[in-house]
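Here's a quick tour for anyone opening this structure for the first time. Have a look at it, then read on for the main points.

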Amino acid sequence: MALAEDVLDRAAALREQGVRFVVATVVRVKPPTSARPGDKALITDNGQLWGWIGGSCSEALVRREALVALQDGQPRLVKIAPDSAPELEPGVVSHVSTCPSAGSLDVFIDPQVPRPLLLVTGDTPAARTLLRLGTAVGFRTCAVHPGAGAADFPEAAQVIDTLDLSGLASGDDTWAVVATMGHYDEDALAAVLKTGAAYVGLIASRRRRQAVLDLLGTMGVKDLDRVRRPADSAVAASQEEIALAVLSEIVAERRTRRSAPAFGHAVGTPSEAGSAIDPICGMSVVVAEAVHTLRRGDELIVFCTAQCRESFRAQAAVG
């Protein structure tokens, strides 16, 4: 229980830091297994695991399913058994275990993904509408306007009263819109470009946008090619309608990006996540941690257990 409590303490710290992670909890076991109901582990989006959800037979599978869950944001029940059959029930994933112990376990995987951040600069009707709508559809919202206080933007969860955004915790799920409407457009855009946001939009006419970009170019501001002019279809619309069109574009683009496949690597070939598929049982194995391996020329083949490795060796000898 001490380890489980330590895992939960670490989960709270990761949540404070805005780190994406999965809480994996063993909910059922059929002995013999090294895991017990209630055992927990955290898996971060770089594949690091902290805690205990069983030995090598289950760890690689749970880690792989955790990374998939971080990609799609959906919880799932992972069933690992020597005679596991594919589950047709939504939210349930089955894997066949080749461990000699022949035990089985079920692990519930719960992704903890921080809400996306909508960063809106400006004190305009479009900016305020964006903040209200962003909150309604699940974004964390942050208003940026020099000299502003929390009371000035009740629509926002956070208010920043300066264009110095260096202290803002932003990342690849930050979506930034400059809605200053001619007031300090250049300064606002230069500040937002430094955040590393996945999306940077400037609400402006075509001529105004080009003038802003030209001036920033002479000032040596980088990454101007990242600046989008959202809501092209909302020309002559009201500020509220423009805000709706901008947020619709952001939501659609974000959904497209988040639905990109997390995996897709060949047997024996390390993926971007550093894993490979055991050619015997189909389990995912972290290459850097693989103990059971074979060399075939320049190719490194990894296995989850010695039994799989020896099966592969025997098949190769017969072939």
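What is the mean pLDDT of the chain, and what share of its residues reach 70 or more? The mean is 84, and 87% of the residues get to 70 or more. Keep in mind that you're looking at a predicted model. The chain runs to 319 residues, and buried ones make up 44% of them.

**Confidence and overall make-up**
- One stretch to treat separately is residues 260-273, where the pLDDT is below 50. In the model, that stretch still has 23 contacts beyond near neighbours in sequence.
- If you count up the secondary structure, you get seven helices and 16 strands.
- Take the contacts between residues at least 6 apart in sequence: 54% of them join residues at least 24 apart.

**The six-stranded sheet**
- Six strands make an open sheet with mixed pairing, and their order is β3-β2-β1-β6-β4-β5.
- Why do β3 (49-51) and β5 (92-96) each have one side left without a neighbour in the sheet? Both stand at the edges with a single partner strand, so there's no neighbour on the other side.
- Going from one strand to the next, the twist averages 25 degrees.
- Strand β4 (residues 76-81) runs parallel to β5, and five bridges join the two. One pairing to look for is lysine 79 with its bridge partner in β5, serine 94.

**Helix α2**
- Helix α2 covers residues 56-72, which is 17 residues. At 1.5 Å a residue it should span 24 Å, and its end C-alpha atoms are 25 Å apart, so the model agrees with the expected figure.
- Plenty of names come up if you ask which α2 residues are buried, including Cys57, Ala60, Leu61, Leu67 and Leu70. The buried set also has Ser58, Arg63 and Glu65 in it.
- An α-helix has 3.6 residues a turn, so residues three or four places apart point the same way.
- Just after α2 comes glycine 73, with a positive phi of about 75 degrees.

**The nonpolar cores**
- The largest nonpolar core holds 24 residues. Leu119, Cys142, Leu165, Leu189, Val200, Leu202 and Val227 are the ones that touch the most other members.
- Several elements each supply at least two residues of this core: β7 (117-121), β8 (140-144), β10 (174-178), α4 (185-193), β11 (199-202) and α5 (206-218). Helix α4 gives the most, with six residues.
- Which residues does leucine 189 touch, not counting those up to four places away in sequence? They are Val178, Val200, Leu202, Val212, Leu213, Leu216 and Val227.
- Apart from this core lies another one, of 23 residues. Val120, Leu131, Phe139 and Tyr199 are among them.

**Glutamate 253 in helix α6**
- Glutamate 253 sits in helix α6, which covers residues 239-258.
- Is glutamate 253 buried or exposed? It's buried, because its relative accessible area is 17% and the cut-off for buried is under 20%.
- Leaving aside neighbours within four places in sequence, glutamate 253 is in contact with Trp175, Tyr199 and Arg228.

**The β15-β16 hairpin**
- Strands β15 (residues 292-296) and β16 (residues 299-303) run antiparallel, with five bridges joining them.
- Arginine 295 stands opposite leucine 300 in β16.
- The two strands form a hairpin with two residues between them. Glycine 297, in the turn, has a positive phi of about 70 degrees.

Conventions
Residues are numbered from 1 along each chain as its sequence is written. This is a predicted model: local features need pLDDT of at least 70, side-chain atom pairs count only at pLDDT 80 or more; totals for chains, interfaces and linings use all residues. Side-chain values use heavy atoms; hydrogens and water are left out. pLDDT is the predictor's confidence in each residue, from 0 to 100. Contact means heavy atoms within 4.5 Å. A nonpolar core is a set of buried Ala, Val, Leu, Ile, Met, Phe, Trp, Tyr and Cys residues joined through side-chain atoms within 4.5 Å. Buried means under 20% relative accessible area, exposed over 50%, partly exposed in between (1.4 Å probe, protein chains only). Helices (H or I, at least four residues) and strands (E, at least two) are DSSP runs, numbered from the N terminus. Two strands pair if DSSP finds at least two bridges between them. Axes are lines fitted to C-alpha atoms, for helices over the stretch in contact, and angles run from 0 to 180 degrees between N-to-C directions. The expected span of a helix is 1.5 Å times one less than its number of residues.
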